[in-house]
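Subject: The structure we talked about

Hi,

Here is the structure I promised to pass on. Have a look at it first, and then read my notes below with the model open beside you.

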Amino acid sequence: MSDLKKYENIPHGDMPGDKICIGEDHVKKAELIFPKLKDEIVSLEEKGQKKIVVCVCGGSGVGKSEIASLLSFMMTEDGRKSYVLSGDNYPHIIPSENDAMREKRYKEGGEEALKAYLGSQDEIDFEKVDQILKNFKEGEKTVSLKRMGRTPEELWYDDVDFSDTEIVFLEWTHGNSDHLSEVDIPVLLNSTPEETLAHRRARNRDGAVDSPFVMMVLNFEQEMLKAQAHKAKIIVSKSGELMTYDEYKSVMGLQ
């Protein structure tokens, strides 16, 4: 058993209102990932890189926020100061408006229009995220970071001191997107569609299944994750095992 109390008050992602609840499963996965991640980081440091970006990506309910927070804490404890950046701060519009835009695209253009919008530059300010990561890697001491809550009033910027930060953990479904060029080490937390659905059913207090529209969005996000998975340096199964890309392809039904 891990000492969960040790991780109760650790720093986590910078998304306003984001709640994380670290459990044994998250700690187990973080402890599994950490040695391999450290090897990847040391390899880059030996090539002269001083500032490194790690993304922790995956589908809904797979534990991105918790595991990114744990890895950041473990890395800082190990001597490399780290920061968790939440990609969910960077849609062009607030979540409720973005949900409405997704439905509008679907109603006007069907599945293909929705699919074209999800995870695209129309939906998300990838350029802004990439510039933040670039500024960090180039050694800029203070970087302005966006904070996006649920309402128009909950939108502001904080200046964050990155002067002695060595690693930024980008915690985000879209962290391994082809629209980003500054991520050095993608970590994929995998979950099959069946596992994702089972998790969401278990988490829903009234036992209701997600709407068909939400399930469609999740399935499209899963397709994006699969298309990007070949770039991942570390892949972890939902059950908590390291996977090769070939093993991932087999589990996910890819050729």
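Let's start with a question: which residues of α4 are buried? They are Phe 126, Val 129, Asp 130, Ile 132, Leu 133, Asn 135 and Phe 136. Before you go further, keep in mind that this is a predicted model.

**Helix α4**

Helix α4 runs over residues 126-137, which gives it 12 residues. From its first C-alpha to its last it reaches 16 Å, close to the expected 16 Å. Its buried residues are covered by, among others, the strands β1, β2, β3 and β5. Just after the helix you come to Gly 139, with a positive phi of about 90 degrees.

**Helix α2 and its partner α1**

Next, go to α2, residues 64-77. This helix has 14 residues and spans 20 Å between its first and last C-alpha, close to the 20 Å expected. It is mostly covered, with 12 of its 14 residues buried. Among them are Lys 64, Ser 65 and Glu 66 at one end of the list, and Phe 73, Met 74 and Met 75 at the other. The cover over these buried residues includes helix α1 (24-46) and the strands β1 (52-58), β2 (82-86), β5 (167-171) and β6 (185-189). As with α4, there is a glycine to look at afterwards: α2 is followed by Gly 79, whose phi is positive, near 115 degrees.

How do α1 and α2 cross? Their axes come within 9 Å, at an angle of roughly 55 degrees. Because of that angle, α1 counts as oblique to α2. The crossing is right-handed. On the α1 side, the contact is made by His 26, Val 27, Lys 29, Ala 30, Glu 31, Ile 33, Phe 34, Leu 37 and Ile 41. On the α2 side, Glu 66, Ile 67, Leu 70, Leu 71, Met 74 and Met 75 take part. Sorted by class, this contact has 11 nonpolar, 1 polar and 3 charged residues.

One residue of α2 is worth clicking on, and that is Met 75. Is Met 75 buried or exposed? Its relative accessibility is 0%, so Met 75 counts as buried. Leaving out residues up to four places away in sequence, Met 75 touches Phe 34, Leu 37, Ile 41, Arg 80, Ser 82, Ile 167 and Phe 169. You can also try a distance here: Met 75 and Lys 38 are 37 residues apart in sequence, and their C-alpha atoms are 8.1 Å apart in space.

**Helix α6 and its partner α3**

Now move on to α6, residues 212-228. It has 17 residues and reaches 25 Å from its first C-alpha to its last, close to the 24 Å expected. Its buried residues include Phe 213, Met 216, Val 217, Phe 220 and Glu 221, and those five also turn up in the contact with α3.

Helix α3 (residues 95-117) packs with α6 at an angle of about 40 degrees, with the axes 12 Å apart. That angle is why α3 is called oblique to α6. The crossing of these two helices is left-handed. From α3, the residues that meet α6 are Arg 102, Glu 103, Tyr 106, Glu 111, Leu 114 and Lys 115. From α6, Glu 223 joins the five I named above. By class, this contact has 6 nonpolar, no polar and 6 charged residues.

**Two more residues to find**

Lys 146 lies in strand β3 (residues 142-148). With a relative accessible area of 9%, Lys 146 is buried. Which residues does Lys 146 touch, not counting residues up to four places away in sequence? They are Asn 89, Tyr 90, Pro 91, Leu 155, Trp 156 and Tyr 157. For another distance to try, the C-alpha atoms of Lys 146 and Lys 226 are separated by 28 Å, and the two residues are 80 apart along the chain.

Finally, look for Glu 247 in helix α7 (residues 245-252). Glu 247 has a relative accessible area of 41%, so it is partly exposed. Its C-alpha is 9.6 Å from that of Ile 235, which is 12 residues away along the chain.

Have fun clicking around!

Cheers

How values were computed:
Residues are numbered from 1 along each chain as its sequence is written. This is a predicted model: local features need pLDDT of at least 70, side-chain atom pairs count only at pLDDT 80 or more; totals for chains, interfaces and linings use all residues. Side-chain values use heavy atoms; hydrogens and water are left out. Helices (H or I, at least four residues) and strands (E, at least two) are DSSP runs, numbered from the N terminus. The expected span of a helix is 1.5 Å times one less than its number of residues. Buried means under 20% relative accessible area, exposed over 50%, partly exposed in between (1.4 Å probe, protein chains only). Contact means heavy atoms within 4.5 Å. Axes are lines fitted to C-alpha atoms, for helices over the stretch in contact, and angles run from 0 to 180 degrees between N-to-C directions. Angles under 35 degrees count as roughly parallel, over 145 as roughly antiparallel, 65 to 115 as roughly perpendicular and the rest as oblique. A crossing is left-handed if the near helix is turned anticlockwise from the far one by less than a right angle, and right-handed if clockwise. Ala, Val, Leu, Ile, Met, Phe, Trp, Tyr, Cys and Pro count as nonpolar, Asp, Glu, Lys and Arg as charged, and the others, Gly among them, as polar.
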